[in-house]
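Visitor: I am new to this structure, and I would like a close look at one single part, explained slowly.

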Amino acid sequence: MTINTAAGSFPLAIECKWRSRQKGDYIWFAEDSQLKEYQRFAKETGRPTFIVLGLGGHPGGPEDVYLIPVNAFRRGTQHHASLTHYRKPNPEQGFFYDVESGGLM
């Protein structure tokens, strides 16, 4: 996708996933091979690439939403505490792309 702003156009990629629950203290958001493929794509295209993970609730209304840059981790399963930094507190407010940092918020 491309974000168009007054400052210009910014291509990025988003993979959306939903999980009904975490397993113990761990959250599985991708197979390790999938994560490596997302990372390869990000490197080859130069596009900021993110996994938007919904957890709990239902696919159209998850209890928690995480915005995970694909280069943040080497494995697709992480301890819940490792993902707290990527949790979006109010997902109903929408998502914003920070042009300066290349981050999705």
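What percentage of the 105 residues of the chain counts as buried? Please start there, and then stay with the sheet and its core.

Guide: This is a predicted model, in which local features need pLDDT of at least 70 and side-chain atom pairs pLDDT 80 or more, while totals for chains, interfaces and linings use all residues. Residues are numbered from 1 along each chain, and side-chain values use heavy atoms, without hydrogens or water.

Of the 105 residues, 33% count as buried (under 20% relative accessible area, 1.4 Å probe, protein chains only). Turning to the sheet, 4 strands (DSSP E runs of at least two residues) form an open sheet in the order 3-5-6-8 with mixed pairing (at least two DSSP bridges between two strands). Its edges are strand 3 (13–19) and strand 8 (87–88), each of which pairs on one side only. Strand 5 (residues 49–55) and strand 6 (residues 64–69) run antiparallel and are joined by 6 bridges, with Leu-67 as the partner of Val-52. Helix 1 (residues 32–45; helices are H or I runs of at least four residues) packs on this sheet and touches strand 3 and strand 5 (heavy atoms within 4.5 Å).

The largest nonpolar core (buried nonpolar residues joined through side-chain atoms within 4.5 Å) has 15 residues, and those with the most contacts inside it include Phe-29, Leu-35, Ile-51 and Tyr-66. Helix 1, strand 5 and strand 6 each supply at least two residues of this core. Not counting residues up to four places away in sequence, Tyr-66 touches Ile-51, Leu-53, Leu-83 and Tyr-86, among others.

Methods: Axes fitted to C-alpha atoms, helices over the stretch in contact; angles between N-to-C directions. Buried < 20%, exposed > 50% of the residue type's maximum accessible area, 1.4 Å probe, protein only.
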